[in-house]
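Work through the following exercises with the sequence and the model side by side, and attempt each task before reading its solution.

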Amino acid sequence: MEKLRVMSVFGTRPEAIKMAPLVLELKQHPEIESICCVTAQHRQMLDTVMEVFHLRADCDLNIMAPRQTLSSITCKCLTGMDDVIAQKKPDLILVHGDTSTTFAGALSAFYHQVPVGHVEAGLRTYDRYSPFPEEMNRKMVGAIATLHFCPTENNRRNLARENITEGVFVTGNTVIDALKTTVRPDYRFSTPVLNELPYDSKKIVLVTCHRRENYGAPMKNIMLALKQLAQTYEDVELVYPVHLSPVVRETVQAYLAGTPRVHLIDPLSADEMHNLMARCYLVMTDSGGLQEEAPALGKPVLVLRRETERPEAVEAGTVKIAGVEQGEIVRLASELITSHSAYEAMAHAVNPYGDGQACRRIAQAILWHFGRCAEKPEDYRGV
C-alpha cells in the first residue's frame, strides 16, 4: 500500500511553532510521507523556528515582501500552491490556525480537490473584525476542511453551532507538545541581555503587542500603560521583543524608547521565547499563542485585547482580559505586581490546553480517517 502523502503548509512564526512538532510526529509513522511546505509569509521569524526544530522545507514559496498586504499574501500563496500541489500530489493538506497562509492554503487545496485538515480548529470570537483578519480566516477554513483538530471541547462546541460535526477531533493544542522540547533549566540565551536579567531579585514582565486591530489608539494606550508601569514600580523590568512590522516598531519607539527598566529587543527564536516565559513573572500580550503557552508554564497572562478566542484560560483563571485602555491595563498589572494572593491564584490555576499528546492524536486521527489504523484516537478531556 502506498504511503499517505500529508503536506503541512505554514508561513508564520506562530504557525511554525505549533506545526513543527506535528511535522516531526508524522515523520515517525512509516505509513505517512510527511511533506513540509512553507510560504514564508514571515521569512526571518519563520526561519528561526525551522532552525530550532531542525526542520527543512520540501517546498518554499518565499512570498514575503516589504509592507505586504493581505491581498498580496493571499494571491502569492494561491498561485504558488498551484505548482506545489501539482508536483507533490498530496492526499491531505494540513493548515494551522487563522493566518492568511492558512486560508490561502486551504482554498488552494479546495481548488485542487485535496482534503484539508485544520489544526487548531474551532476558535471563535464571533466578531468578524476582531481579531482581523484571523476570525474570518478560521471560519472560512472551517467551511472548507474535512478534518478538524480542536484543542478543546469548547472549540468542538463552536463548530457544532455551525453544523460542523463530522471529522471533528479534540486533541489538545500542539504548542504544549512543542514546549516539552524547548524549555530547559540550563538554557543559555543567544540574546545577551536575557542572560543578565535579574530574574531572582526583580519581577520580569514579558510583553508582546503586534495585532492589526490594535494599530492606532489602542496600541498608543498600551504603550502608555507599559511606560507608566515601568516608571511606577522599581522592582519591575519589562522585556518587549518588538515585532518586525514597521507600524509596530514606529509606535514602540515613539512611546517606550529610552524608558528605564524597559528592554526593547528584536524578536526571539521559539526556544528563547519559551525559556524567557518560563523564567518571567508575568506575561502581557495580544498574542494568541502566548495565552496557551504561558499557563502551561505557570505564568499569569494579561490579554491586551478587548476579547479572546481562548475563553478556556479565562474560565480556568490563568488569563484575564485587560483590554486596550491605559487605566485598566495598569490596574490589573498593578494588582498582580503588588498582591501575592492575586498572583498565586492565577499562577497556580490549571492549564486547559493540553497534555503534550496532541500531535500523536492528530497523526492517529489521520491514519484512522484514511483506514490505516483500526482505532479512532481518544479525545483530550482536559486536566
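The exercises below treat helix packing, two loop residues, a covered helix, a further loop residue and backbone geometry.

The model is a predicted one, in which local features need pLDDT of at least 70 and side-chain atom pairs count only at pLDDT 80 or more, while totals for chains, interfaces and linings use all residues. Residues are numbered from 1 along each chain as its sequence is written, and side-chain values use heavy atoms, with hydrogens and water left out.

**Exercise 1. Determine how the axes of H1 and H2 cross, and which residues make the contact.**

Solution. Begin with the elements: helices (H or I, at least four residues) and strands (E, at least two) are DSSP runs, numbered from the N terminus. Helix H1 covers residues 13–27 and helix H2 residues 43–52, and their axes come within 8 Å and cross at roughly 20°. That angle makes H1 roughly parallel to H2, since angles under 35 degrees count as roughly parallel, over 145 as roughly antiparallel, 65 to 115 as roughly perpendicular and the rest as oblique. The axes are lines fitted to C-alpha atoms, for helices over the stretch in contact, and the angles run from 0 to 180 degrees between N-to-C directions.

Next take the hand: H1 passes H2 in a right-handed crossing, a crossing being right-handed if the near helix is turned clockwise from the far one by less than a right angle, and left-handed if anticlockwise. Finally, Arg13, Ala16 and Ile17 of H1 meet Met45, Leu46 and Val49 of H2, where contact means heavy atoms within 4.5 Å. By class, these residues divide into 5 nonpolar, no polar and 1 charged; Ala, Val, Leu, Ile, Met, Phe, Trp, Tyr, Cys and Pro count as nonpolar, Asp, Glu, Lys and Arg as charged, and the others, Gly among them, as polar.

**Exercise 2. Repeat the analysis for H1 and H16.**

Solution. The axes of H1 and H16 (residues 358–369) come within 9 Å and cross at roughly 50°, which makes H1 oblique to H16. This crossing is right-handed. On the H1 side the contact is made by Pro21, Leu22, Glu25 and Leu26, and on the H16 side by Cys359, Arg360, Ile362, Ala363 and Ile366. Sorted by class, the contact has 7 nonpolar, no polar and 2 charged residues.

**Exercise 3. Is Glu309 buried or exposed, and which side chains make polar contacts with the side chain of Glu309?**

Solution. Glu309 sits in the loop between strand S12 (301–303) and helix H13 (311–316). With 1% relative accessibility, Glu309 counts as buried, the scale being buried under 20% relative accessible area, exposed over 50% and partly exposed in between (1.4 Å probe, protein chains only). A polar contact is a pair of N or O atoms within 3.5 Å; within protein, one must be able to donate a hydrogen and the other to accept it, and residues adjacent in sequence count only if both atoms are side-chain atoms. The side chain of Glu309 makes such a contact with the side chain of Arg305 at 2.6 Å, and another, of 3.3 Å, with the side chain of Arg310. Beyond four places in sequence, the contacts of Glu309 include Asp98, Arg124 and Arg138.

Arg310 is found in the same loop, between S12 and H13, and is buried, with a relative accessible area of 4%. A polar atom of the Arg310 side chain lies 3.2 Å from the backbone oxygen of Gly288.

**Exercise 4. How many of the residues of H11 are buried?**

Solution. Helix H11 (residues 270–279) is mostly covered, with 8 of its 10 residues buried. Among them are Asp271, Glu272 and His274.

**Exercise 5. Locate Thr318 and describe its surroundings.**

Solution. Thr318 lies in the loop between H13 and strand S13 (319–321) and is buried, with a relative accessible area of 1%. Not counting residues up to four places away in sequence, Thr318 touches several residues, including Pro295, Val301 and Met346.

**Exercise 6. Which peptide bonds leading to Pro131 and Pro133 are cis or trans, and what is the phi of Tyr126?**

Solution. Most residues other than glycine have a negative phi, and most peptide bonds are trans. The bond from Ser130 to Pro131 is cis, with omega near -5°, and the bond from Phe132 to Pro133 is cis, with omega near 5°. Pro131 is in the loop between strand S5 (116–119) and helix H5 (134–144). Tyr126, which lies in the loop between S5 and H5, has a positive phi of about 65° although it is not a glycine.
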